[in-house]
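Let's take a walk through a protein together, starting with its overall plan and then stepping inside. Keep the picture beside you as you read.

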Amino acid sequence: MRDTDRALVQAAMAVAKLRCRSDNHTVAAAVRSTDGRVFSGVNVYHFTGGPCAELVAIGVAATQGAGDLETIVAVGDRNRGVLAPCGRCRQVLADYFPSIKVIVGPPDGLRAVPVTDLLPETYVWSDHQLDVPAVPRTGVWPMPVVPGSRQAPED
């Protein structure tokens, strides 16, 4: 693993130690942009499924004008170490940053792997969008056309 990746893990651990002090924030993440800047975030635990630390970190990066992101890592509070991203985070990372690397593994075997390795046979949202012409918005619902029917005469 590169020194910059080790530094990213240390940055996430520092945020976890400093900011993850309650059940509301139990995971910290750090992400590095292609220009070398590091952004961090913590999860916002909520029973409705609040955002994960990885999503908060990429949101912070976006608010600071970061372009492409190259590497991300999440760590647990109370010295739980590096955590692999959940399925939702893997999908978001693959959709927005298909070339991003994710740091995973046990403490003595950390490695940065492409997000695509964590999400094989992934669903690519853009591949499933239909090229449908936009329906003009008139404020009136269009009447459906039923096959074999005739339009009613105007009154």
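The protein chain has four helices and six strands. Follow the sequence from start to end and you meet them in the order α-β-β-α-β-β-α-β-β-α. Keep in mind that what you are looking at is a predicted model.

How much of the chain is buried? Of its 155 residues, 35% are buried. The accessible surface of the chain is about 10700 Å², and carbon and sulfur atoms account for 57% of it. Contacts also tell us how the chain folds back on itself: among those between residues at least 6 apart in sequence, 53% join residues at least 24 apart.

You can see one example of such folding back at T4, a residue of helix α1 (residues 3–19). T4 and T71 are 67 residues apart along the chain, yet their C-alpha atoms are separated by 9.6 Å. T4 itself is partly exposed, because its relative accessibility is 41%, which lies between the 20% limit for buried and the 50% limit for exposed.

Now let's step inside. In soluble globular proteins, nonpolar side chains tend to be buried together. Here the largest nonpolar core has 26 residues, and V31, I58, L69, I72, L93, I100 and V102 have the most contacts inside it. At least two residues of this core come from each of β1 (27–33), α2 (53–63), β3 (69–76), α3 (87–96), β5 (101–104) and α4 (115–118). The largest share belongs to α2, which supplies five residues.

For a close look at one member, try L93. Not counting residues up to four places away in sequence, L93 touches I58, I72, P98, I100, V102 and V115. Apart from this core lies another one, of 14 residues, with A16, C20, V75 and I103 among them.

Helix α2 deserves a visit of its own. Which of its residues are buried? They are A53, E54, L55, A57, I58 and A61. An α-helix has 3.6 residues a turn, so residues three or four places apart point the same way. The buried residues of α2 pack against β1, β2 (38–42), β3 and α3. Just after the helix, G65 takes a positive phi of about 80°.

Next, find the loop between α1 and β1, where T26 sits. Is T26 buried or exposed? T26 is buried, because its relative accessible area is 17%, under the 20% limit. Leaving aside neighbours within four places in sequence, T26 is in contact with C20, N43, V75, G76, D77, R78 and R80. Its partner C20 is buried too, at 9% relative accessibility.

Cysteines raise another question: how many disulfides are there? The count is zero. A disulfide is a covalent bond between the sulfur atoms of two cysteines. The sulfur of C52 has its closest cysteine sulfur in C89, but at 3.7 Å that is too far for a bond, because the cut-off is 2.5 Å.

Our last stop is the one aromatic pair in the structure. Y96 and F97 form this pair, with 6.4 Å from centre to centre and 40° between the planes. The pair counts as tilted, because that label covers planes that are neither under 30 degrees nor over 60 degrees apart. The two partners sit in contrasting surroundings: Y96 is exposed at 60% relative accessibility, whereas F97 is buried, with a relative accessible area of 13%.

Technical notes:
Residues numbered from 1 in each chain as written. Predicted model: local features only at pLDDT ≥ 70, side-chain atom pairs only at ≥ 80, totals over all residues. Heavy atoms only, no water. Phe/Tyr/Trp six-rings, centres within 6.5 Å; stacked < 30°, edge-to-face > 60°. Buried < 20%, exposed > 50% of the residue type's maximum accessible area, 1.4 Å probe, protein only. Core = buried A, V, L, I, M, F, W, Y, C linked by side-chain atoms within 4.5 Å. Contact = heavy atoms within 4.5 Å. Areas by Shrake-Rupley, 256 points an atom, 1.4 Å probe, with all protein chains shown as cover.
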